[in-house]
Amino acid sequence: MLSTWIMMSHVLFGVLGTLLAAALFTDMRNLNASNLKRIQIMSLAVATLIVIAYLVGGYWYVVHYGPDKALIIAGQWPWAHEYFMEVKEHLFFILLLLSLYLPMVTYGKRLIERDGMKKLALTITGLIILLGLTMDGFGAIIAMGVRMGLSGGK
Amino acid sequence: MIKPNSGKYIAGFGLSFLVVSIASSLLVILKEDNAALKNWMKGLLGHHWVTHGAFVIFLFLILGFVFSGMRLGKNWTEQRLMTLIIAGTILGGLILGGFFLFE
């Protein structure tokens, strides 16, 4: 049961980080002096949520994933682990780095002074959304792999 | 003509992102094809993935500060940084996706 709650926390923080990145993307398109502070705080919150998702998900992966992995490998969808989990656990590092880089770009006066800096921040945020959604999709396939293992493919 | 001045830390950590995202994906290939390396990584912090994560974060910070010290931002536009960030994400992703597809 604890394992389930830890996993759900990982998903929750990851989804919240992705949703907040989507809100940040929209807010940043209308960047001005009045929403600059909010944008900076939101970018820091995105980084924080993704880092928490990494730590919680990492703990679950290292401590609790073993039985699920065995079920997936023995089930109808072994590729749910062999491809999707393997790619997901390493692709997450790129998402993590982008999330850490984002506040470096949004904090400082250049963001509002230079149009190019706004485009850079939008690019990073867009990639965070894209990778966040990819993580969600891959996670769903991995969960389905467990289900296929439990049900014998029915 | 856009005047280049993206800031030393933004340029430094942008380049660091490109290098580390590719290096991280290459490390995946190395450790999957080399049991001794994977076991060494496992022995270091208890799990190869934990060591991999620590390596990625540590390298990103170290290279970020080293590249920042080179003051690349004075001559770099944000356009160049956008190219680096997109290239790092695509290359890192393609190396990973391609490797596990054909492994």
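In what order do the elements of chain A run from the N terminus on? They run α-α-α-α-α. That is five helices and zero strands.

Before going further, please keep in mind that this is a predicted model. The predictor gives the complex an ipTM of 0.95 and a pTM of 0.95. For chain A the mean pLDDT is 96, and 99% of its residues reach 70 or more. For chain B the mean is 94, with 97% of its residues at 70 or more. Within chain A, the element with the lowest mean pLDDT, 91, is helix α4, residues 110-113, and the one with the highest, 98, is α3(A).

Now the two chains, one after the other.

Chain A has 154 residues, of which 44% count as buried. Its C-alpha atoms fill a box of roughly 60 × 25 × 20 Å, taken along the principal axes. If you take the contacts in chain A with a separation of 6 or more, 79% of them are between residues 24 or more positions apart.

Chain B has 103 residues, and 40% of them count as buried. It has four helices and zero strands, so to speak of its order is brief: α-α-α-α from the N terminus on. The box for the C-alpha atoms of chain B is roughly 50 × 30 × 15 Å, again along the principal axes. Among its contacts between residues at least 6 apart in sequence, 85% join residues at least 24 apart.

Let us look at one helix in detail. Helix α1 of chain A covers residues 2-29, which is 28 residues. From its first C-alpha to its last it reaches 41 Å, close to the 40 Å expected at 1.5 Å a residue.

Which residues of α1(A) are buried? They are A:His10, A:Phe13, A:Gly14, A:Gly17, A:Thr18, A:Leu20, A:Ala21, A:Leu24 and A:Met28. When you read such a list, one general point helps. An α-helix has 3.6 residues a turn, so residues three or four places apart point the same way. As for what covers the buried residues of α1(A), the cover includes α2, residues 36-74, and α5, residues 115-151, both of chain A.

A:Phe25 is also in helix α1 of chain A, but is not on that list. Why is A:Phe25 called partly exposed? Because 17 other C-beta atoms lie within 10 Å of its own, and a residue needs 20 or more to count as buried. A:Phe25 still has partners further along the chain. Leaving aside neighbours within four places in sequence, A:Phe25 is in contact with A:Leu122, A:Thr125, A:Gly126 and A:Ile129. A:Ile129 is 104 residues from A:Phe25 along the chain, yet their C-alpha atoms are separated by 8.9 Å.

Next, where the chains meet. In total, 25 residues of chain A are in contact with 31 residues of chain B. On the chain A side, α2, α3 (residues 79-106) and α5 each supply at least two residues. The largest share, 12 residues, comes from α3(A). Sorted by class, this side of chain A has 15 nonpolar, five polar and five charged residues.

One residue to find on the chain B side is B:Trp49, in helix α3 of chain B, residues 48-69. Is B:Trp49 buried or exposed? It is buried, because 21 other C-beta atoms lie within 10 Å. Not counting residues up to four places away in sequence, B:Trp49 touches A:Tyr61, A:Val62 and A:Glu89. For a sense of distance within chain B, B:Trp49 and B:Leu61 are 12 residues apart in sequence and 18 Å apart in space, C-alpha to C-alpha.

Last, the core. How many residues does the largest nonpolar core have? It has 63, and those with the most contacts inside it are A:Val46, A:Leu95 and A:Ile124. The elements giving two or more residues to this core are α1, α2, α3 and α5 of chain A, together with α1 (8-33), α3 and α4 (78-102) of chain B. Here too α3(A) gives the largest share, 15 residues.

Take A:Ile124 as the example. Apart from neighbours within four places in sequence, A:Ile124 is in contact with A:Leu98, A:Tyr101, A:Leu102, A:Val105 and B:Ile85. So one residue of that list, B:Ile85, belongs to chain B.

Terms used. Residues are numbered from 1 along each chain as its sequence is written. Chains are lettered from A and ligands numbered from 1 in the order in which they are written. This is a predicted model: local features need pLDDT of at least 70, side-chain atom pairs count only at pLDDT 80 or more; totals for chains, interfaces and linings use all residues. The expected span of a helix is 1.5 Å times one less than its number of residues. A residue is buried if 20 or more other C-beta atoms lie within 10 Å of its own, exposed if 12 or fewer, and partly exposed in between; C-beta atoms are placed from the backbone. Two residues are in contact if their C-beta atoms, placed from the backbone, lie within 7 Å. Ala, Val, Leu, Ile, Met, Phe, Trp, Tyr, Cys and Pro count as nonpolar, Asp, Glu, Lys and Arg as charged, and the others, Gly among them, as polar. pLDDT is the predictor's confidence in each residue, from 0 to 100. A nonpolar core is a set of buried Ala, Val, Leu, Ile, Met, Phe, Trp, Tyr and Cys residues joined through C-beta atoms within 7 Å.
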